Amino acid sequence: MFSFQQLAQQTHAWLQQHTGSFTVLVECAIVAVFAITLFAVLGLVLVLLERKVAAHIQIRVGPNRVGPAGLLQTVADTLKLLMKEGLVPNLADKFLFNLAPFIVMMVAMLLLAPVAFARGIQIWDINIGVLYISAISSISVIGILMAGWSSNNKYAMLGAMRSGAQIVSYELSAGFSVLCIVVLSGSLRISDIIAAQENGWWIFKGHIPVLISFVIFIIAVTAETNRAPFDLAEAESELTAGFHTEYSGMRFALFFLAEYINIFIVCAIGATLFFGGWMPLHIAHWEGFNHVMDYIPSSVWFMGKTFALILLIMWFRWTFPRLRVDQLLTLEWKYLLPIGLFNLLLVAIIAIMGWHF
Amino acid sequence: MFLKEYISDVYQGVRSLLKGMKKTGYYFVHPSEIITQQYPDNREQLHLPERFRGEVVMTHDENNEHACTGCTACELACPNGTIKIITKFDVSPEGKKKKAIDTFIYHLELCTMCNLCIEACPTDAIKMAQTFEHSVFNRNLLTKKLNLPNSKIREGVE
């Protein structure tokens with residue numbers, strides 16, 4: 001059966017034979033090409049998906065003119081953005097203004113490293129994978145603050161400040177819900193966490209506390225990626241476009257792309273932690289069932305789970321109204337954080353007593 | 001009882017959010033609910049709501065007779081002078097004079113489709129049509145004469 005793991009091993013062997021000591025460099029280049037291709041494809045697919053989902057939820061049709069059923073709409077949009085002029089405001093801090101989109105983009109790229117795409121397909125299986133993800137994802141707020149500050153625009157400034165308060169607060173809840181899984185699987189390494197779900201995903205094995213931590217995780221990452229109902233940083237109706245008000249052309253496209261890449265990555269991480277990543281649906285002691293599930297390729301499992309979570313987050317966006325700043329902080333500090341802390345205690349008890357399956 | 005309130009807050013919040021998600025989720029999986037019409041494509045089978053108001057027309061039956069008595073109630077009801085009725089006097093065979101319309105002038109370019117003239121009409125002589133493709137190259141074409149040539153008032157309408 002075809003598998004990416006085999007392909008990767010064969011490529012590695014072939015490269016070692018032909019390039020010798022440069023193998024690592026060549027592999028780095030290959031990985032970079034794949035990462036950039038993945039970004040471009042994800043940007044096109046997710047933007048189209050979002051518009052179609054939004055349209056159907058709002059009883060509309062959505063893009064349906066460019067290409068069959070509007071499938072080429074985002075390609076046309078990308079071409080338009082590529083050809084647009086990238087305007088820099090006169091009194092902007094030009095260096096920071098130009099740097100900010102790249103910082104946001106770089107953070108998104110760095111986050112890709114520990115994500116396991118399929119059985120044996122992982123760019124960097126670092127032993128502190130989950131910690132690495134939590135640490136890197138908070139850097140993106142610097143890019144947003146940089147964009148807001150350097151634009152020399154009051155809307156951009158307000159949006160960036162709101163975004164700062166929001167990301168810093170919600171990082172805590174996301175961290176606590178991730179910790180629940182770390183406590184249960186006893187490792188920070190992504191591949192260990194996936195391997196611990198061989199006989200069932202954590203969301204089923206960990207009883208209600210894991211379910212609660214999953215709900216908290218989804219709420220927190222929705223806030224961290226600045227998406228509705230937590231899109232105060234952009235808030236079209238109040239702040240025009242928030243921190244990227246002054247951006248146009250390709251720099252704007254980078255912000256836009258980074259938003260969607262971030263959604264993909266947080267959903268991939270959520271799928272890895274709670275739904276077993278590429279691990280097929282296994283139920284302990286059901287050998288026949290497990291064997292049938294193994295026939296579905298691991299990459300399909302991973303992508304299926306990730307896109308299911310992406311659809312969930314899109315569903316949130318087009319259903320819920322935007323929160324006020326005070327409501328946003330109340331939700332985090334008075335509800336999510338205490339519940340998360342208490343939940344972590346429950347999970348710790350379950351892990352110590354060995355009550356999980 | 002702080003804790004009880006807190007928990008019921010969380011419960012109520014989650015419940016109302018799920019209620020909203022149920023509604024949007026229903027729309028998402030039922031494409032038949034879509035209300036958008038692909039207008040130029042479905043021009044033949046276009047479905048307009050019953051109360052859609054396109055323009056004022058006068059109904060005529062197969063004998064080329066209408067129900068307009070020329071009472072000018074619609075002209076008086078119109079807020080922006082869209083309707084102008086020119087009356088004449090018909091002479092019946094017995095030599096009695098009777099008021100009737102000569103021309104019912106309707107300025108489509110001034111009309112806001114407010115429906116007040118239709119409500120004012122005591123004999124239901126005029127109604128709103130559903131046609132809406134009104135664009136023309138010469139604005140004179142928007143001034144319309146609603147009663148058909150040689151049409152008469154229907155017998156019995158007073």
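Two strands count as paired here if DSSP finds at least two bridges between them. In this predicted model, strand E1 of chain B clears that bar with E5(B): four bridges join the two, and they run antiparallel. Within this pair, B:Val57 sits opposite B:Lys127 of E5(B). E1(B) covers residues 55-58, and its side chains take turns. B:Val56 and B:Met58 point to one face and are buried, while B:Glu55 and B:Val57 point to the other face and are not. That fits a general habit: in a regular strand, side chains alternate between the two faces of the sheet.

Chain B also has an open sheet of three strands, in the order E3-E4-E6, with antiparallel pairing. Strands E3 (83-91) and E6 (143-145) stand at the edges with a single partner strand each, so one side of each has no neighbour in the sheet. From one strand to the next, the twist averages 25°. Looking at one of the pairings, E4(B), made of residues 97-107, is joined to E6(B) by three bridges, again antiparallel. Here B:His107 stands opposite B:Thr143 of E6(B). As a general matter, strands of a sheet pair through backbone hydrogen bonds, either parallel or antiparallel.

Next come two loop residues of chain B. Most residues other than glycine have a negative phi. B:Asp124, though, has a positive phi, near 55°, and lies in the loop between helix H3 (116-120) and strand E5 (126-129) of chain B. Further along, B:Asn150 is not a glycine either, and its phi is positive at about 65°. This residue belongs to the loop between E6 and strand E7 (152-153) of chain B. Both residues are exposed: B:Asp124 has 11 other C-beta atoms within 10 Å, and B:Asn150 has 6.

Helix H1 of chain B, residues 2-29, has 28 residues. From its first C-alpha to its last, H1(B) reaches 41 Å, close to the 40 Å expected at 1.5 Å a residue. This helix is hardly covered, with a count of one buried residue among its 28.

Over in chain A, helices H10 (residues 207-224) and H15 (residues 325-353) pack against each other. Their axes come within 9 Å and cross at roughly 145°, and the crossing is left-handed. On the H10(A) side, the residues that meet H15(A) include A:Val210, A:Ile212, A:Ile216 and A:Ile219. Among their counterparts in H15(A) are A:Leu336, A:Ile339, A:Leu346 and A:Ile350. By class, this contact has 11 nonpolar, four polar and no charged residues.

Elsewhere in chain A, A:Ile263 is part of helix H12 (residues 249-275). A:Ile263 counts as buried because 25 C-beta neighbours lie inside 10 Å, and the cut-off for that label is 20 or more. Leaving out neighbours within four places in sequence, the contacts of A:Ile263 are A:Leu46, A:Thr225, A:Arg227, A:Ile310 and A:Ile313. One of these, A:Arg227, is 36 residues away along the chain, yet the two C-alpha atoms are separated by 8.9 Å.

Finally, the two chains touch. The contact takes 13 residues from chain B and 11 residues from chain A. On the chain B side, the residues divide into eight nonpolar, four polar and one charged.

Notes. Residues numbered from 1 in each chain as written. Chains lettered and ligands numbered in written order. Predicted model: local features only at pLDDT ≥ 70, side-chain atom pairs only at ≥ 80, totals over all residues. Buried ≥ 20, exposed ≤ 12 C-beta atoms within 10 Å, placed from the backbone. Contact = placed C-beta atoms within 7 Å. Axes fitted to C-alpha atoms, helices over the stretch in contact; angles between N-to-C directions. Expected span 1.5 Å × (residues − 1). Left-handed = near helix turned anticlockwise from the far one by under 90°. Nonpolar A, V, L, I, M, F, W, Y, C, P; charged D, E, K, R; others polar.
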